[in-house]
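Trainee: I should like a close look at a single part of this structure, namely one helix and the aromatic residues associated with it. Please describe it in detail.

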Amino acid sequence: VNEKPSGEPTDPAVPLKPHTQKDYPALQLPGYPLGRSAEVITAAYRFAAEHPEVLTYVPCFCGCERSGHKGNEDCFVKARGSNGDVTAWEPHGMECNVCIDVAQQAMQMHASGASVRDIRAAVEKKWASTATQNHAHTPTPEPPK
């Protein structure tokens with residue numbers, strides 16, 4: 001029921017919560033320079049893996065909705081097993097500065113104790129000006145009340 005095939009959200013009936021995972025799939029960074037450091041990229045992927053209760057409800061503004069992404073978590077996590085562990089990474093996030101920067105903003109706000117609603121509002125405020133008619137943001141569900 002919690003299986004997340006590529007582009008599909010996790011079952012909305014199952015409450016999302018922080019998820020600790022013992023072993024992660026290998027993150028294969030390309031051999032060419034990326035827009036952010038390997039440390040920043042790896043931190044974004046780990047945050048996405050450990051905090052679906054945050055990034056599932058945070059939109060992305062890079063145009064990845066055209067690839068079926070529903071929220072910023074989809075930029076990093078391709079699939080989760082029934083136990084919630086990440087079984088496959090989405091490679092898109094490592095090469096997209098917008099995805100990484102949105103995740104970093106969410107990660108910093110979460111670390112300071114902000115609610116998911118406040119994180120989403122701040123991300124939307126910061127990134128809304130990048131949205132255009134042809135390039136909006138992901139159709140991200142609202143966080144639970």
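**Helix α1 and its aromatic surroundings**

Mentor: The buried residues of helix α1 are I41, A44, Y45, F47, A48 and A49. The model is a predicted one, and the helix itself covers residues 38–50, 13 residues in total. From the first C-alpha to the last, α1 reaches 18 Å, close to the 18 Å expected at 1.5 Å a residue. An α-helix has 3.6 residues a turn, so residues three or four places apart point the same way. I41, A44, Y45 and A48 are among the buried residues of α1.

The buried residues of α1 pack against several elements: helices α2 (52–55), α3 (92–95) and α4 (97–111), together with strands β1 (77–80) and β2 (86–89). Strand β2 deserves particular attention, since W89 belongs to it.

By the ring-centre criterion, there are three aromatic pairs. One of them joins Y24 and W89, which are stacked, with 6.1 Å centre to centre and 20° between the planes. This pair links distant parts of the chain, as Y24 lies in the segment before α1 and W89 in strand β2, 65 residues apart. W89 has a relative accessibility of 12% and therefore counts as buried, the cut-off being under 20%.

W89 also forms an aromatic pair with Y45, and here the arrangement is edge-to-face: the centres are 5.3 Å apart, with 90° between the planes. This pair too links distant parts of the chain, with Y45 in helix α1 and W89 in strand β2, 44 residues apart. Y45 is buried because its relative accessible area is 1%, again judged against the limit of under 20%. Taken together, Y24, Y45, F76 and W89 form one aromatic cluster.

A further buried residue may be considered beyond the helix. T56 is placed in the loop between α2 and β1, and α2 and β1 are both among the elements against which the buried residues of α1 pack. With a relative accessible area of 13%, T56 is buried. The side chain of T56 reaches the backbone oxygen of P52 at 2.7 Å, and a polar contact of 3.3 Å joins the side chain of T56 to that of E73. Leaving aside residues up to four places away in sequence, T56 touches L16, G71, E73, T140 and P141. E73 therefore appears both in this list of contacts and as the polar partner of T56, where the cut-off for a polar contact is 3.5 Å.

How values were computed
Residues are numbered from 1 along each chain as its sequence is written. This is a predicted model: local features need pLDDT of at least 70, side-chain atom pairs count only at pLDDT 80 or more; totals for chains, interfaces and linings use all residues. Side-chain values use heavy atoms; hydrogens and water are left out. Helices (H or I, at least four residues) and strands (E, at least two) are DSSP runs, numbered from the N terminus. The expected span of a helix is 1.5 Å times one less than its number of residues. Buried means under 20% relative accessible area, exposed over 50%, partly exposed in between (1.4 Å probe, protein chains only). Contact means heavy atoms within 4.5 Å. Rings of Phe, Tyr and Trp (its six-membered ring) pair if their centres lie within 6.5 Å; planes under 30 degrees apart count as stacked, over 60 as edge-to-face and the rest as tilted. A polar contact is a pair of N or O atoms within 3.5 Å; within protein, one must be able to donate a hydrogen and the other to accept it, and residues adjacent in sequence count only if both atoms are side-chain atoms.
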